[in-house]
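The exercises below ask you to read burial, contacts and a pocket from a single model, which is a predicted one. Work through each task with the structure open before turning to its solution.

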Amino acid sequence: MDINIKAIHFDISEKLTAFINKKVDRIVRRFPAVSLVDISLKVIKPETSLNKEAIVRFTVPQLDEFVADKTADSFEEAIDVAIEAIEKQLEKAKNKK
């Protein structure tokens with residue numbers, strides 16, 4: 001399984017990278033079919049509250065591609081909410097199959 005993290009217009013900290021990896025690993029343990037995870041992080045201008053955007057894309061062969069786009073005050077919060085949404089999508093797809 002590959003994890004691609006893209007920080008657009010800023011340098012990502014090791015702490016944030018570790019946070020993302022921990023969250024993704026937790027999901028992958030429940031859904032081992034996940035083959036690729038793409039995460040794009042972007043600071044939305046102008047500088048206001050709710051200006052951190054996270055786009056999370058999980059690719060699962062034989063099922064589909066699952067995407068969540070969330071905006072929050074911090075990247076951690078945006079990632080948390082986006083991965084929670086992906087988890088619900090994966091659960092729904094798993095139950096359909």
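**Exercise 1. The nonpolar core**

Task: Establish how many residues the largest nonpolar core has, and which elements give two or more residues to this core.

Solution. Begin with the count: the largest nonpolar core of this predicted model holds 27 residues, and those with the most contacts inside it are Val 24, Ile 39, Leu 41, Val 56, Phe 58, Ile 79 and Leu 90. Next, assign the core to elements: two or more residues come from each of H1, strand E2 (36-43), strand E3 (52-60), strand E4 (64-72) and H2. Among these contributors, H2 gives the most, with nine residues. For background, nonpolar side chains tend to be buried together in soluble globular proteins.

Finally, take one core residue and follow its surroundings. With neighbours within four places in sequence left aside, Ile 39 is in contact with Asn 4, Ile 5, Lys 6, Ile 20, Val 24, Ile 55, Val 56 and Ile 79.

**Exercise 2. Helix H2 and its cover**

Task: Compare the span of H2 with the expected value, then find which of its residues are buried and what covers them.

Solution. The helix has 22 residues, and the distance from its first C-alpha to its last is 31 Å, close to the 32 Å expected at 1.5 Å a residue. Its buried residues are Phe 75, Ala 78, Ile 79, Ala 82, Ile 83, Ala 85, Ile 86, Glu 87, Leu 90 and Ala 93, a list in which Glu 87 deserves notice as a charged residue. The cover over the buried residues of H2 includes H1, E2, E3 and E4.

Now consider Glu 76, which is also found in helix H2. Because its relative accessibility is 31%, Glu 76 counts as partly exposed. Beyond residues up to four places away in sequence, Glu 76 touches Leu 16 and Phe 19, and its C-alpha is separated by 8.0 Å from that of Ile 20, although the two residues are 56 residues apart along the chain.

**Exercise 3. Two buried residues that are not nonpolar**

Task: Decide whether Lys 23 and Ser 40 count as buried or exposed, and list their contacts.

Solution. Lys 23 lies in helix H1, and it counts as buried because its relative accessibility is 18%, where the cut-off is under 20%. Its contacts, with neighbours within four places in sequence left aside, are Asp 80 and Ile 83. Ser 40, in strand E2, is likewise buried, because its relative accessibility is 19%. The contacts of Ser 40, again without neighbours within four places, are Lys 6, Ile 8, Glu 53, Ala 54 and Ile 55.

**Exercise 4. Val 43 and Asp 73**

Task: For Val 43 and Asp 73, find the element or loop, the degree of burial and the contacts.

Solution. Val 43 is found in strand E2 and is buried, with a relative accessible area of 19%. Leaving aside neighbours within four places in sequence, Val 43 is in contact with Ile 8, Phe 10, Asn 51, Lys 52 and Phe 75; the C-alpha atoms of Val 43 and Phe 75 are separated by 9.0 Å, with their positions 32 residues apart along the chain.

Asp 73 is placed in the loop between E4 and H2 and is partly exposed, its relative accessible area being 45%. Not counting residues up to four places away in sequence, Asp 73 touches Ser 49, Leu 50 and Lys 52.

**Exercise 5. A positive phi**

Task: Locate His 9 and state what its phi is and how accessible the residue is.

Solution. His 9 lies in the loop between strand E1 (2-8) and helix H1 (14-30). Its phi is near 70°, a positive value in a residue other than glycine. Because the relative accessibility of His 9 is 78%, this residue counts as exposed.

**Exercise 6. The largest pocket**

Task: Describe the volume and lining of the largest pocket.

Solution. The volume is about 160 Å³. Of the 12 residues that line this pocket, Phe 31, Ala 33, Val 60, Leu 63 and Lys 94 are the closest to its centre. By class, the lining has nine nonpolar, one polar and two charged residues. By element, the largest share, three residues, comes from helix H2 (residues 75-96).

Methods
Residues are numbered from 1 along each chain as its sequence is written. This is a predicted model: local features need pLDDT of at least 70, side-chain atom pairs count only at pLDDT 80 or more; totals for chains, interfaces and linings use all residues. Side-chain values use heavy atoms; hydrogens and water are left out. On a 1 Å grid over the protein atoms alone, a cavity is a set of points where a 1.4 Å probe fits but cannot get out, and a pocket is an open set with protein on both sides within 12 Å along at least five of seven lines; lining residues have an atom within 4 Å of a point. Grid points are joined across faces, edges and corners, and a volume is the space filled by probe spheres set on the points. Helices (H or I, at least four residues) and strands (E, at least two) are DSSP runs, numbered from the N terminus. Buried means under 20% relative accessible area, exposed over 50%, partly exposed in between (1.4 Å probe, protein chains only). A nonpolar core is a set of buried Ala, Val, Leu, Ile, Met, Phe, Trp, Tyr and Cys residues joined through side-chain atoms within 4.5 Å. Contact means heavy atoms within 4.5 Å. The expected span of a helix is 1.5 Å times one less than its number of residues.
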